[in-house]
Amino acid sequence: MPASPVADTHPEVIPAPWARLRDLVAARTPVDGRTDSLYPGLRCYRFSCPVRYEKTQRLTPGVVVVLQGRKTALLAGERRSLDYGATQCLVLGAEVACLGTVVGASAEAPYLAIHLDLPPEVLVKSFVALAESGTLAEPTRVTENFTAAVGPEVVEAFARLLLAADDPVDRRTLAPLAVEEIVLRLLRSEAAAAIRSAGAVTKSGARIQAAIAFMRRHLGRPLSVAEIAGHVHMSPSHFAHSFREVAGVTPMRCIRDLRLEEARVLMLGAGLRPGDAAARVGFESAAHFNRAFRRRFETTPAEYVRRVQSS
């Protein structure tokens, strides 16, 4: 449903790092809507007119950087909408349902944004490294989601990530380094309070890190919270609570997302059909895989492959 147009839809004058990233995003979004990168969890958005997302989307921890235009987001549990525009970011600290409205956009100056899911294993690794170095302070107040100005270092890292995602070798080698830099810089900013509490990390971080590695090694077979908890010598209830507290998602949500990303790689990189990819990564049925894939990527597996390969 179209939202009410805004008066000022001319391109904003923004500093050079933001302008460069804006141009990179614009070049990679030929049509309105969501455009997924080949790198997991990285996507861009373009909208040429105000628009409201009537459906809610379940989002994992992540960061959205707006390069042009404005948007509001009504998050589950929040009493007011969060408003953010060019040079600002929205930090999502945990799984949350989001109802979004693009309020500043036009054909001449479309809304442009880049979104990165924050991988649980990178979050945990970064938390542990900063906690061990003594540079991660326990926040006095944990705010699950918030908007703030985004620093040039984060914007420049996003530009490197977007460029690295275009090349197969860079995507495997340089892109993960850019993601780690983005996470580390966010955790050393006020965003740390929104992403996670440092106290939980110092107690359980290493075990959660080991649990995620165990999940990756065994994606092709059924996994239970009890088995994973036993592998890292924790009770199932304590493990489930600690995992969510540190990684921002439940263990089973993490397993599902890891399987979806691996299936995506198999379909795009190895040419596997959706049903074969689903079976390879441990989905019980093609129907279950299709439903989960549509929820995460907003389209069917087959259509997703066609769209990415034609872009």
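Here are four short exercises with worked solutions on helix packing and nonpolar cores in this predicted model.

**Exercise 1.** Work out how helix α3 and helix α5 are oriented relative to each other, and which residues make the contact.

Solution. Start with the geometry: α3 covers residues 152-164 and α5 covers residues 175-187, and they pack at an angle of about 160° with axes 8 Å apart. Angles over 145 degrees count as roughly antiparallel, so α3 is roughly antiparallel to α5. As for handedness, the crossing of α3 past α5 is left-handed. Next, pick out the contact residues. From α3 come Glu153, Val154, Ala157, Phe158, Arg160, Leu161 and Ala164, while α5 puts in Ala175, Ala178, Val179, Glu181, Ile182 and Arg185. Sort them by type and you get 9 nonpolar and 4 charged residues, with no polar ones.

**Exercise 2.** Find the largest nonpolar core, and say which residues have the most contacts inside it.

Solution. The largest nonpolar core holds 45 residues, and Ile114 and Phe158 have the most contacts inside it. The element giving the most to this core is α3, with 8 residues. Now take Ile114 and skip its neighbours within four places in sequence: its contacts are Leu21, Val25, Leu42, Arg43, Cys44, Val63, Val64, Val65, Leu67, Phe158 and Leu162. Notice that Phe158 turns up in that list, and Phe158 is also part of the α3 contact with α5. Apart from this core lies another one, of 21 residues, including Ala211, Leu223, Val246 and Cys254.

**Exercise 3.** Do the same job for helix α10 and helix α12: how are they oriented, and what meets what?

Solution. Geometry again: α10 (residues 251-269) and α12 (residues 286-297) cross at roughly 95°, and their axes come within 11 Å. Angles of 65 to 115 degrees count as roughly perpendicular, which is therefore how α10 and α12 stand to each other. On the α10 side you'll find Arg256, Asp257, Leu260, Glu261, Ala263, Arg264 and Met267; they meet Phe289, Ala292, Phe293, Arg295, Arg296 and Phe297 of α12. The tally for this contact is 7 nonpolar, 6 charged and no polar residues.

**Exercise 4.** Decide whether Asp257 is buried or exposed, and list its contacts beyond its sequence neighbours.

Solution. First place the residue: Asp257 sits in helix α10. Its relative accessibility is 10%, and the cut-off for buried is under 20%, so Asp257 counts as buried. Then set aside neighbours within four places in sequence, and Asp257 is in contact with Thr60 and Arg296. Arg296 should look familiar from Exercise 3, as one of the α12 residues in the contact with α10.

Methods: Residues numbered from 1 in each chain as written. Predicted model: local features only at pLDDT ≥ 70, side-chain atom pairs only at ≥ 80, totals over all residues. Heavy atoms only, no water. Axes fitted to C-alpha atoms, helices over the stretch in contact; angles between N-to-C directions. Helix = DSSP H or I, 4+ residues; strand = E, 2+ residues; numbered from the N terminus. Parallel < 35°, antiparallel > 145°, perpendicular 65-115°, else oblique. Left-handed = near helix turned anticlockwise from the far one by under 90°. Contact = heavy atoms within 4.5 Å. Nonpolar A, V, L, I, M, F, W, Y, C, P; charged D, E, K, R; others polar. Core = buried A, V, L, I, M, F, W, Y, C linked by side-chain atoms within 4.5 Å. Buried < 20%, exposed > 50% of the residue type's maximum accessible area, 1.4 Å probe, protein only.
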